[in-house]
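Hi there,

Here is the structure I promised to send over. Have a look at it first, and my notes follow below.

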Amino acid sequence: MSSHHQAESDIALRVKAIELLLVEKGIIDPATLDTIIDAYEHKIGPHNGARIVARAWIDPEFKHRLLADGTSAIAEMKLTGFSSEHMVVVENTPNIHNLIVCTLCSCYPWAILGLPPTWYKSFAYRSRAVIDPRGVLQEFGLEIPEQVEVRVWDSNADLRYLVLPERPPGTEKMTEDKLAGLVTRNAMIGTAKVQSPAAPID
């Protein structure tokens, strides 16, 4: 989606300029900045959300708790904090597709999904996701059949959402770790589906 990519480029340039200015003026320490970036790249991020999804796929009781009280179920896995303290998990089914947005700014469960993508913060996505969600999903390459209901959830400072995507076919014999490897950040926002593995797993 070209408008989101343009917004991503503009935001990235502004962030880089601000970062350089703050470093030059000695306001921030580059080493500290690297530590923070490393934390978000390797310790906090969508791999945590993928673990939650994979656990729900293989453990029906955990899935039940997750959908009933996302905050408590996620806390069982010690993945709370960093704007992920109050969570609601919404499940994609053959009849329902969920899409997450923050129309006000960019509220987002950082501990579970990592840094928000720039398109998620763009005005184009925030405004159009609620007005024309099917059109937005098409621009992400996701065609939702007319008979499938699309539900849009608006995150805010007090409440964040996570999409529990449908488990793809051909994964019945996969381990929890292997399943987690299939789950993408966008699938947990609702702008993508989890794809089946290229070959059956024995």
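**Cysteines, a helix and two domains**

Searching the whole structure, which is a predicted model, turned up zero disulfides. You may wonder about C105 and C107, so here is how they stand. The closest cysteine sulfur to that of C105 belongs to C107, and at 3.7 Å it is too far away for a bond, because a disulfide needs the two sulfur atoms within 2.5 Å. C107 is likewise in no disulfide, with the sulfur of C105 as its nearest cysteine sulfur. Their surroundings are worth noting too: C105 counts as partly exposed at 35% relative accessibility, while C107 is buried, with a relative accessible area of 9%.

Next, helix α3. This helix covers residues 46-58, 13 residues in total. From first C-alpha to last it reaches 19 Å, close to the 18 Å expected. Its buried residues are N48, G49, A50, I52, V53, A54, A56 and W57.

R51 also lies in helix α3, and it is partly exposed, with a relative accessible area of 35%. Which residues does R51 contact, leaving aside its neighbours within four places in sequence? They are M77, L79, E176 and A180. In addition, the C-alpha atoms of R51 and L179 are separated by 8.3 Å, although the two residues are 128 apart along the chain.

Finally, the overall layout. The protein chain is divided into domain 1 (10-42) and domain 2 (45-189). Taken over C-alpha atoms, the centres of these two domains are separated by 28 Å.

Best wishes

Terms used:
Residues are numbered from 1 along each chain as its sequence is written. This is a predicted model: local features need pLDDT of at least 70, side-chain atom pairs count only at pLDDT 80 or more; totals for chains, interfaces and linings use all residues. Side-chain values use heavy atoms; hydrogens and water are left out. Helices (H or I, at least four residues) and strands (E, at least two) are DSSP runs, numbered from the N terminus. The expected span of a helix is 1.5 Å times one less than its number of residues. Buried means under 20% relative accessible area, exposed over 50%, partly exposed in between (1.4 Å probe, protein chains only). Domain bounds come from an automatic or database domain assignment. Contact means heavy atoms within 4.5 Å.
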